[in-house]
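Student: Could you give me a close look at how helices pack in this model? I'd like one connected account that also places the packing in its surroundings.

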Amino acid sequence: MDDEREESVKPKRSKLKLVLLIISIVVLLALGTAAGVGLFIASALQPVEASDQEVRVSIPQGSSSIQIANELESKGLIKNSSIFTYYLKYKKQGSKFQAGEYAMKPGMTFEDMIDKLNKGEVVKEEMIRITIPEGYTIDQIAAKMSEQSTWKKETFLQVVDDPSQFKVDTTASIPDSKNLRHRLEGYIFPETYEFKKGSTEKEFVERSLEQLDKMLATLPSDWKDKLKARNLSIHQMLTIASLIEREVVVDTERALVSGVIVNRMKMNMPLQIDATVQYLFDKSKERLLEKDLQIQSPYNTYLNTGLPPGPIASPSLASIKAAIYPEETKYVFYVTKKDGTMGHLFAETYEEHKKNIANSKKTAN
């Protein structure tokens, strides 16, 4: 009887050992898997191997966290996009990421990348920066433009001589005259312009014309009425403004010189403005000679009455205002002071003018 009981107990113990063994194996596998998962996550949270090689990351407008994570993984900046996505959710980040192109380096931590994306520290685009000084002619602008950019002088000159390609109200009054040296002379508003690399000469001209329109829009609301009352077109106004720009340095004299121009035109007197003769030369002369004043050109205001065919330079807004709102005066003459102040002496008669010339010479430095 005892032998039979012992034999029945042995199979039961064997089965128990087997069950315990299986349970042990399952527990170990589970623990091993958990440990493996934990190690995998811990590894994915670590930065990739550091490198000084810059990587460009492009984040389009409206990108989701998942799309951004995929982009970072594809560029080798993170090890696993899913882990990065879960990390963003855990940290409650990703809603303020800004679109643009970023420069990142392998080895950056999650926090560094998140901070960069939140601040929108995008790569600044290479820009073309052009500064057009007040009183510059088209030829001077062309030379400066070719020096400060990859744009070509010849292409620019072709563009400015064909204003019909631009839909800007200001250019509508440009006369169809062969006498114009450059059709858009005086219309390139003097300003500092910035363009994305790859922009064209045409885009530059178009922007400068739009800038002129914007600046004219800042004038008092009656400026067009003032021109109409004097029977002046915008083209003629800009012509007067350009004469003032090239003749006047002292701001307080701009409207006064404008008044002198008005008086001379009313009297049908030649304007006799040196700047119109200087415009005929590639480079301004220090002093005009008598033979220079005899050069045959529609721009020579010593030989012709009235205004030249068009502007002789790009006028500032101050000169434009002076052209529209001239000071009422009886002066018809002015001469530059020789004392270094660059101001003028004004006169109503030629006799007074001669005295001013003599007084100016006496004060020459």
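Tutor: Happy to! Of the 365 residues of the protein chain, 39% count as buried; keep in mind that this is a predicted model. The chain has 13 helices and six strands. If we take the contacts between residues at least 6 apart in sequence, 62% of them join residues at least 24 apart.

Now to the packing itself. Helix α6 (residues 153-160) and helix α7 (residues 201-216) have axes that come within 9 Å of each other and cross at roughly 45°. That angle makes α6 oblique to α7, and the crossing is right-handed. On the α6 side, the contact is made by Thr155, Phe156, Val159 and Val160, while α7 brings Glu201, Lys202, Phe204 and Val205. Sorted by character, the residues of this contact are five nonpolar, one polar and two charged.

Valine 205 is a good place to zoom in. Leaving out residues up to four places away in sequence, valine 205 touches Phe156, Val159 and Val160, and also Phe166, Leu184 and Ile188.

The same names come back when we turn to the nonpolar cores. The largest core has 57 residues, and Phe156, Phe204 and Val205 are among those with the most contacts inside it, together with Met237 and Ile320. Helix α9 (residues 234-247) supplies the largest share of this core, seven residues. Apart from that core lies another, of 19 residues, including Leu88, Met108, Met113 and Ile114.

Another helix offers a buried polar side chain to look at. Serine 258 sits in helix α10 (residues 254-266), and serine 258 counts as buried because its relative accessibility is 0%. Beyond its neighbours within four places in sequence, serine 258 is in contact with Ile240, Ile244, Ala322, Ala323 and Pro326.

Finally, two loop residues deserve a glance for their backbone angles. Lysine 92, in the loop between α3 (81-91) and β2 (100-104), has a phi near 55°, a positive value in a residue other than glycine. With a relative accessible area of 74%, lysine 92 is exposed. Methionine 342 is not a glycine either, yet has a positive phi of about 65°; methionine 342 is found in the loop between β5 (333-336) and β6 (344-347). Its relative accessibility is 43%, so methionine 342 counts as partly exposed.

Key: Residues numbered from 1 in each chain as written. Predicted model: local features only at pLDDT ≥ 70, side-chain atom pairs only at ≥ 80, totals over all residues. Heavy atoms only, no water. Axes fitted to C-alpha atoms, helices over the stretch in contact; angles between N-to-C directions. Helix = DSSP H or I, 4+ residues; strand = E, 2+ residues; numbered from the N terminus. Parallel < 35°, antiparallel > 145°, perpendicular 65-115°, else oblique. Left-handed = near helix turned anticlockwise from the far one by under 90°. Contact = heavy atoms within 4.5 Å. Nonpolar A, V, L, I, M, F, W, Y, C, P; charged D, E, K, R; others polar. Buried < 20%, exposed > 50% of the residue type's maximum accessible area, 1.4 Å probe, protein only. Core = buried A, V, L, I, M, F, W, Y, C linked by side-chain atoms within 4.5 Å.
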